[in-house]
Amino acid sequence: MTSINSVTELDVEGDIAVLTLNSPPVNALSADVRDGLALGVAQAAANPTVRALVIICAGKTFIAGADIAAFGKPPKGTSTLETLRSIEAARMPVIAAIHGTALGGGFEVALACHYRVAVPSAKCGLPEVKLGLLPGAGGTQRLPRIVGVENALEIITSGQQIGARACLEKGMVDALVDEGQLRQGALAFARQVLAENRPLKKVRDLDDKLVAARSKPEVFAEFRKANAKKFRGFEAPESIIRCVEAAVNLPFDEGMAFERSLFLELVASSQSAAQRYVFFAERAVWKLPDVPDDTPVLPAARVGIVGAGTMGGGIAMNFLNIGLPVTIVETRQDALDRGVATIRRNYENTAKRGRLTLTDVDQRMALLTPTLSLDALADSDLVIEAVFEDMAVKKTLFARLDTIAKPGAVLATNTSRLDVNEIAAATTRPESVIGLHFFSPANVMRLLEVVRGDKTSKPVIATSMKLARKIGKIAALVGVCPGFVGNRMLAQRQREAQQLVLEGAMPWDVDRVLVDFGFPMGPFAMSDLAGLDLGWTREASTGQTMREILCELDRRGQKTGAGYYDYDAQRNATPSPVVEKLILELATRKGITRRAVSDAEILERCIYPMVNEGAKILEEGKAIRASDIDIVWINGYGWPAYRGGPMFYGDSLGLGVVRDKMREFHARLGDDFRPSNLLEKLANEGRRFQDPA
Ligand code: T1G
């Protein structure tokens, strides 16, 4: 065994060399790893007894890509491209031995090898698009040569991980070896290559798939059209498509040069900076400064849900999906039956799309126990209420649960804004009470706000966060305040959207500006979709807001064919002349002289107060870090990932810019725009939310 450098060793078994990389946690292509690869290949080639080389990794995975943390820093060591060139140009067959996840530059290393073998549990992929990048080490040039253009376009623009068996079928790997026997299997494969005197198969030389593609140039336009909605606003997918086009139409080396040029553009782009920030933010969110990793976790084998409505049913599905038995409680049989039927229908719809079998559906439904009795929750480890959003109702329920639930059970409320401390005070065990704020639809939306009460215990927090990860959520631990993090900031945007419409904009102007910014829908279209009458009653309606006026006219949104917009039978929205007239009348009644409102003002008035509110949330300690707030907004409200989240966006504008604009609005529009202390402080010091405190 020869140590090549701190992360690479080379040993020789007979006439086969084995180059082992060991750079935890994921063998990312750091400078040391690249140097080790290049030096190791050279040393193996310089050994006349060596007739083949296996590249394998220690630890949990094959190379999982370039070192994301190194982007934007001065390059060090052997370049990735040089490293791959040395592999592909080696005098002997080089075999990549893959386990774990060979991703990005890691799979590109494997593609530069002459052969690839993998254990069945391994996965391969080119997820650079999720970082606002494209595979910058030949992935867009080599992969189409193996799997064809259509497959390559789908694989690279989706960033999906592909299981080893599917990789074998697509030709991305050449053989599977026994699980847990990767080294032995790779060595055996290498001996077979030698015994059969197989050629040095260079992917760059494969051309048959490209020849076929040259006769179908329309593939690219069709792919662009089919994915226009999914790619809207993102730069990387179009660059990827252009690179794959180049693979079809240019010689390999020219295609590589083209890929390199587009890669460098993306690396330098604000979108990629944002998406790389989000990558680390999604990992930071699980780090809880005052809840150590070794905090004891409570049992969570049986779940009780109170309420079988939209939220309760959706929440139940999260746990049924991971095989946990769920007891769901309602007050009336018809409501219970409706709730259970909705859960089954949701699963059956998923099965129709081929993502579940009917057996899966039956197995999950068999885990569900519907009941009208709260007492049935006596042996639940976790009880989640999803009943009517009313404090009195919730306090009464928690007082009852306190007498029913077993000692140590976690009692969670799904409230979206009510005071978790007040709910906890209705029990004799406030340390067991926590907020689990699911976002609707609860079986789809990835975000979970975990709301810690003042007395919530650390084991309850740790248990909740661990369970959140098990059900596939991304969880942000937040503090108790009206609307917690997401809805508290949303209130800022909703207020300004309504005010801007009175001052001179129309709902469709505000929606257009925010959709152009990157949101999937604007606030008014969202309100029509959700229903304008949520929480509205005719008895209490005063006709003082557009929402009330519209509800009084039975314009309650898409479900009534009209809300802020008019809808046709296919629910296509058009701006409503009726609503325009109502807005003008309301503004007149309120003595408002309407004026032209610019798109810039719409954006600034909707977004900057959100950033300012996020700063207040941080000041008050209701979120652990700014990037947690960004995770909330990206995963709960559709903030475009390529803008990093509201706090990252504020940083990208410069907090001085945000502060000055807030000061200007404050002078003109009042206290809603008073810059927070933290915003003032950071702006005055020329710092960012994302800088270490
Ligand atoms: N670079 C740097 N750090 C990385 C990393 C990477 N590529 N991947 C993971 N980490 C860190 C991560 O931050 C965390 O750190 C720890 O490893 C465990 O990660 C030229 C330009 C591999 C599937 O996009 O998808 O190649 O929080 O918690 O759940 O064309 O990590 O412990 O301090 O996610 O087991 C392309 C990204 C890069 C893969 C493992 N590659 N990584 O998941 O662990 S661009 C990727 C992942 C590129 C080339 C281009 C996952 C994983 P900490 P984890 P996991």
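**Ligand shell and nonpolar cores**

Let me begin at the ligand, where a backbone N or O atom of Ile68 lies 2.9 Å from a nitrogen atom of the ligand, a polar contact being a pair of N or O atoms within 3.5 Å. Please keep in mind that this is a predicted model, in which local features need pLDDT of at least 70 and side-chain atom pairs count only at pLDDT 80 or more, while totals for chains, interfaces and linings use all residues. Residues are numbered from 1 along each chain as its sequence is written, and side-chain values use heavy atoms, with hydrogens and water left out.

Two side chains also reach oxygen atoms of the ligand: a polar atom of Glu128 lies 2.7 Å from one oxygen atom, and for Lys287 the distance from a polar side-chain atom to an oxygen atom is 2.7 Å. Taken alone, the ligand exposes 990 Å², of which the protein buries 74%, with areas from the Shrake-Rupley method and a 1.4 Å probe.

Around the ligand there are 27 residues, and Ala66, Glu108, Glu128, Arg283 and Lys287 come nearest; a residue counts as near if one of its heavy atoms lies within 4 Å.

Turning to the interior, the largest nonpolar core has 139 residues, among which Phe319, Phe438, Val510, Ile607 and Phe689 touch the most other members. Such a core is a set of buried Ala, Val, Leu, Ile, Met, Phe, Trp, Tyr and Cys residues joined through side-chain atoms within 4.5 Å, where buried means under 20% relative accessible area with a 1.4 Å probe, protein chains only. A second, separate core of 94 residues includes Tyr115, Leu126, Ala175 and Leu262.

Methods: Buried means under 20% relative accessible area, exposed over 50%, partly exposed in between (1.4 Å probe, protein chains only). A polar contact is a pair of N or O atoms within 3.5 Å; within protein, one must be able to donate a hydrogen and the other to accept it, and residues adjacent in sequence count only if both atoms are side-chain atoms.
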